[in-house]
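Here are a few exercises to work through with the model open. Try each task before you read its solution.

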Amino acid sequence: MATVQVSEAEKVYILHGIRDDLRVDGRGCEDYRHMEIETDVVSNTDGSAKVTLGHTAVLVGIKADIGKPRPGVPNEGYLEFFVDCSANATPEFEGRGGEELGTELSNTLYKVFNNKHSVDLKSLCISAGEHCWVLYVDVLLLQCDGNLYDAISVAIKAALFNTKIPKVHISADEEGGKEIELSDDPYDCMRLDVENVPCIVTLCKVGHRHVVDVTLQEKACSVASLIISVTHTGTVTCTRKVGGGSLDPESIFEMTEAGKRVGKALHAPLMKLLQQEESLGKTRQKVGFLG
Amino acid sequence: MLKSKTFMKKTRSGGVMKIVREHYLRDDIWCGSEICTECKQESPVLQRDPSIESNLCSYPHYVIPDTNVVLHQIDVLEDPVIRNVIILQTVLQEVRHRSAPVYKRLKDIIHEQEKHFYTFTNEHHRETFIEREPGESANDRNDRAIRVAAKWYGQHLEKAESEADALKVVLLTNDLGNKQKAEESSLLVYRCEEYIKSLIGNPELVDRLALSNDDKHDITSSKVLFPEHLPLSRIQAGIKSGTFLQGTFRASRDNYLEATVFVQGEGEDSTEVLIQGLQNLNRAVYQDVVAVQLYPRNQWLAPSSVMLQDEGAAKDDNEEDKEEEDEEKSVTEAARKPTGKVVGIIKRNWRPFCGMLNLSQIKESTRHLFTPADRRIPRIRIETRQAATLAGQRIMVAIDGWPKHSRYPNGHFVRSLGNAGDKETEQMVLLLEHDVPHQAFSQAVLSSLPKMPWAITPEDMVRREDLRHLSVCSVDPPGCTDIDDALHCRELDNGNVEVGVHIADVSHFIRPCNAMDKEAANRGTTVYLCGKRIDMVPELLSSNLCSLRSNVERLAFSCIWEMNHKAEIIKTRALTLSSLEVRFHIDSETHDPIDLQTKELMETNSMVEEFMLLANISVAQKIYDEFPDCAMLRKHPAPPPSNYDILLKAAKSKDVEIHTDSAKALADSLDMARVDGFPYFNTLLRILATRCMMQAVYFCSGMDTDFHHYGLASAIYTHFTSPIRRYADIIVHRLLAVAIEADSTYPDLMDKQKQSALSTNLNYRHKMSQYAQRASVAFHTQLFFKSRGILNEEGFVLFVRKNAIIVLIPKFGLEGTVFFDAKHKATPKLVFDEEGPTLKVEQHTFHIFDMVKVTISLDASNIQHQKIRMSLIEPVISGVSVPAPVVEPQAKKPKLDR
């Protein structure tokens with residue numbers, strides 16, 4: 001993971017600031033940095049979104065393909081995750097440098113998103129036991145400036161919202177042979193219900209307090225952080241502790257409560273934004289990667 | 001400006017792919033009109049004054065047809081009257097997608113400068129490109145694109161010229177919905193028929209209109225005659241599951257109610273499905289690709305052996321010839337064949353057909369039946385106002401469709417070929433019906449010719465051996481201009497003899513993949529008709545630069561052997577077969593045949609032939625050794641033993657034994673076969689043997705394992721000696737040139753798939769050219785008998801059939817059928833014995849080889865199918881034979897006749 005070196009004096013300055021609910025860039029402890037979201041940025045995917053959070057930038061593309069349902073759940077589709085830590089984001093990722101982080105991130109993403117409570121996996125089934133949609137979620141880190149989990153989760157939710165799966169119907173002949181037929185209208189698509197898709201809130205223990213959306217400097221001052229995935233109702237679906245230090249039960253409880261509060265507040269404006277963007281349709285001015 | 005086009009595609013593995021293509025829009029696409037001052041175009045295509053007069057549009061205008069108009073009315077668009085047409089890119093793409101032949105024709109029109117057809121790339125024009133909208137089908141989107149482009153043109157031209165008589169654009173569409181929408185956006189729009197009919201002074205153009213769907217209703221009764229065709233999706237599902245079979249529809253030449261569908265199975269096994277009855281034939285036309293459903297085994301039928309011709313006149317749509325359909329139900333089990341019915345058409349293979357018009361009984365009627373020259377094609381109903389002029393002419397007609405309530409398909413007049421019976425016309429019919437490419441060579445082809453005067457250059461000499469010091473001679477009939485082979489022979493110092501075969505080096509002039517090469521590959525062979533030659537390569541090559549004429553320097557490919565005086569090259573005996581070749585003595589002024597004789601073979605001919613065979617075999621071995629995967633060879637499969645049945649039976653009747661174990665045994669026993677007092681017996685037997693043979697074919701050595709040439713008794717064979725008139729020889733020359741490092745290779749030459757496809761075409765062209773040749777001989781024979789009136793000649797029975805004998809007249813090399821069951825006469829008592837085979841007519845029994853006397857005359861009652869009629873004179877059978885008519889002595893000096 002990308003790190004920065006912080007001197008002892010800087011550390012004290014950051015710690016003292018947080019203690020007084022005032023962070024280096026002027027935010028409060030539960031404030032996010034400026035966030036930008038744009039969907040439908042990669043035309044050859046079925047759904048895509050780009051999220052920038054401070055200087056952190058991630059791109060998520062979703063490709064839908066037809067596969068075979070998992071034996072245990074014949075009437076559900078599934079998601080596959082791959083996180084590419086490109087050396088664009090930080091020189092440390094060069095070569096195989098980003099591999100470990102990528103695996104760690106994608107493992108977490110499987111836990112958070114690939115279950116029927118988060119995504120309506122049943123709607124991805126085409127014919128039980130035979131064909132289902134597999135959503136390949138590719139995450140590309142463009143720039144790292146802390147708080148990757150939150151940025152990625154927001155981008156995934158936006159990309160899922162944006163995903164258009166072509167409609168298919170199964171035609172069966174007399175012999176029982178099944179044939180998948182594709183609608184020839186490119187606008188004839190299925191959309192996913194993303195209401196229950198959670199967002200991840202990472203809380204970082206800095207000193208005696210905890211903050212959300214840490215910058216790299218703040219991160220360098222913390223010993224441990226807690227990853228919480230929260231749905232729009234405030235339900236916690238997953239928690240995970242990362243970092244070398246330990247957390248006492250009391251602060252875990254406090255952090256969870258804070259995470260719920262922040263996560264619940266994150267969903268409503270996000271959905272509003274996505275719907276707004278969608279309603280613009282083709283008239284929307286695309287920003288893309290150069291804007 | 002950049003747009004992207006997105007569409008979904010199913011991949012072969014069953015996945016779904018999203019494909020995104022970048023689509024660039026430009027603002028430098030010009031309108032192509034002469035009046036436009038805005039567009040910076042160099043040579044505008046559309047004229048300033050498009051002079052076409054129409055009742056509907058009194059103003060000067062350009063025409064924009066939509067896709068369906070182009071697809072269905074291409075015959076109209078080809079007419080020289082129709083000019084100044086804008087073909088939109090949308091239309092061009094759709095046409096290309098839906099019909100390759102129409103696309104080719106459209107491209108040809110566009111390239112013709114006289115036609116002033118302009119292609120407007122509206123899909124890349126910034127102002128006329130549109131994106132598909134949600135809920136819009138691909139067709140609707142294209143229709144909209146056409147309307148948008150038409151609208152743009154209207155506004156653009158208005159801007160260009162401020163004068164009152166500004167040019168307008170007229171959109172032609174037959175789609176009512178599209179027309180309505182176009183009218184709403186205030187475009188000038190007409191239905192194609194409407195517009196064509198409004199054109200002043202071109203009434204014959206209306207005949208060329210293809211009938212559109214709504215026109216068809218008033219032509220026929222509403223009674224449904226045929227079962228509905230299944231949609232393609234169901235057909236495909238059925239073929240996949242095995243309930244239907246896919247095959248090529250082959251109508252019977254002799255019986256219009258019968259056809260077979262040839263189903264290509266896995267590998268070698270292929271089946272033929274018999275289809276009988278109009279309902280089961282279900283509107284399939286010869287050569288269509290159809291889906292058939294088999295009947296259960298107990299409903300299988302045997303092919304009928306009667307000849308039936310559709311004599312129905314135009315009006316008797318509804319009265320079906322019932323008795324014809326349910327005849328011969330009592331067939332033996334063995335004769336039954338898989339029988340089925342056509343359930344759907346996978347691909348129509350309609351082309352314009354040659355034929356003649358049957359005038360309707362009603363004088364004023366504009367609807368007539370057209371009878372194609374090919375009996376396998378059903379009659380076609382057409383609409384024309386020039387019936388009176390077209391009667392007695394050979395015309396071409398294209399099929400437009402075959403609705404399920406119509407007894408005959410509907411079509412439209414394409415063009416007239418000339419008066420029936422004229423030599424020119426008949427020749428044209430012959431060429432068209434046998435699919436012989438006979439147009440003059442295009443400019444592109446001619447531009448690949450070497451510049452004249454041509455001379456051998458020093459570069460040519462570098463890789464060649466100079467044989468100009470040798471005396472080389474050719475043996476060819478007088479008047480032959482395409483001489484592709486020559487020989488030389490000289491004594492060597494060591495006492496041996498050197499013999500060389502020199503073949504014109506055509507591959508030096510025809511370079512791979514240029515226009516001339518492609519044209520030659522397509523033509524495949526030169527076609528020789530009586531009095532006409534349709535060249536495979538332009539005349540400059542065939543009769544001059546490549547022709548090994550005397551006293552000129554020519555490039556050649558030579559094959560040289562050294563042999564001792566006894567010519568001891570191991571000789572494999574080739575099978576000498578026989579078929580009579582006829583030669584006409586043609587009157588030099590009228591070009592009518594005045595005499596007819598069978599070709600005589602000279603000793604020198606067979607010597608040349610012997611050497612050519614030798615050259616071909618040597619070359620075949622050489623190229624096969626060098627390129628085992630892609631050598632172009634020729635094989636002649638051994639016929640299955642059952643083919644010989646008739647030959648063996650015939651020989652046995654004269655107590656002669658024929659061995660058919662191998663080509664050599666056959667050749668030897670044919671040589672031995674003699675009957676005292678019957679000198680012609682041997683020739684007759686050889687003619688019979690020829691009929692037993694299979695067709696020799698070209699093939700690519702990498703695609704086959706059986707190379708044997710049965711007729712020549714050679715393990716390997718190819719064609720090397722006539723590159724001027726056969727394309728296979730050119731390929732062989734190229735292979736040989738690469739093998740001896742005289743020339744470089746090119747990818748297609750080494751690609752066995754491409755070679756194989758090429759051989760298929762060559763085989764097809766070769767077969768067709770032979771048919772055309774035969775048909776040409778038949779036509780000239782008819783001309784000859786027309787001028788000679790009735791003749792009495794001696795002949796031999798060649799075959800015995802159930803109701804006829806086939807007689808060969810040696811004097812003319814003419815074969816004819818003597819029928820014993822004439823329509824208007826009582827049929828005599830006929831007993832057919834298959835074992836003999838013999839036919840007993842009343843008291844007299846006919847055997848093969850019997851000598852008979854017949855009278856020969858021309859039967860011109862059916863002008864389209866004129867034929868030679870033979871009637872029996874001797875032996876005299878009462879009620880069957882005819883008295884010998886008095887033959888008028890031929891005028892001694894034919895010139896007095898004129």
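**Exercise 1.** Work out whether B:F226 is buried or exposed, then look at its ring partner.

*Solution.* Start with accessibility: B:F226 has a relative accessible area of 4%, which makes it buried (under 20%, against over 50% for exposed and partly exposed in between, with a 1.4 Å probe and protein chains only). Next, B:F226 pairs with B:W402 at 5.7 Å centre to centre and 80 degrees between the planes. That's edge-to-face (Phe, Tyr or six-membered Trp ring centres within 6.5 Å, planes over 60 degrees apart). B:W402 is buried too, at 11%. Last, place them: B:F226 sits in the loop between α9 and α10 of chain B and B:W402 in the loop between β16 and β17, so the pair ties together parts 176 residues apart in sequence.

A quick note on the source: this is a predicted model, where local features need pLDDT of at least 70 and side-chain atom pairs 80 or more, while totals for chains, interfaces and linings use all residues. Residues count from 1 along each chain as written, chains are lettered from A and ligands numbered from 1 in written order, and side-chain values use heavy atoms, without hydrogens or water.

**Exercise 2.** Find what lies over the face of B:F262.

*Solution.* Look for a charge over the ring (Lys NZ or Arg CZ within 6 Å of the centre and within 35 degrees of the normal). You'll land on B:R250, 4.4 Å from the ring centre. Now try B:Y59: B:K168 lies over its face at 4.7 Å.

**Exercise 3.** Say which residues ring pairs link into a cluster in chain A.

*Solution.* Follow the ring pairs, and you get A:F81, A:Y110 and A:F113.

Definitions and conventions. Phe/Tyr/Trp six-rings, centres within 6.5 Å; stacked < 30°, edge-to-face > 60°. Helix = DSSP H or I, 4+ residues; strand = E, 2+ residues; numbered from the N terminus.
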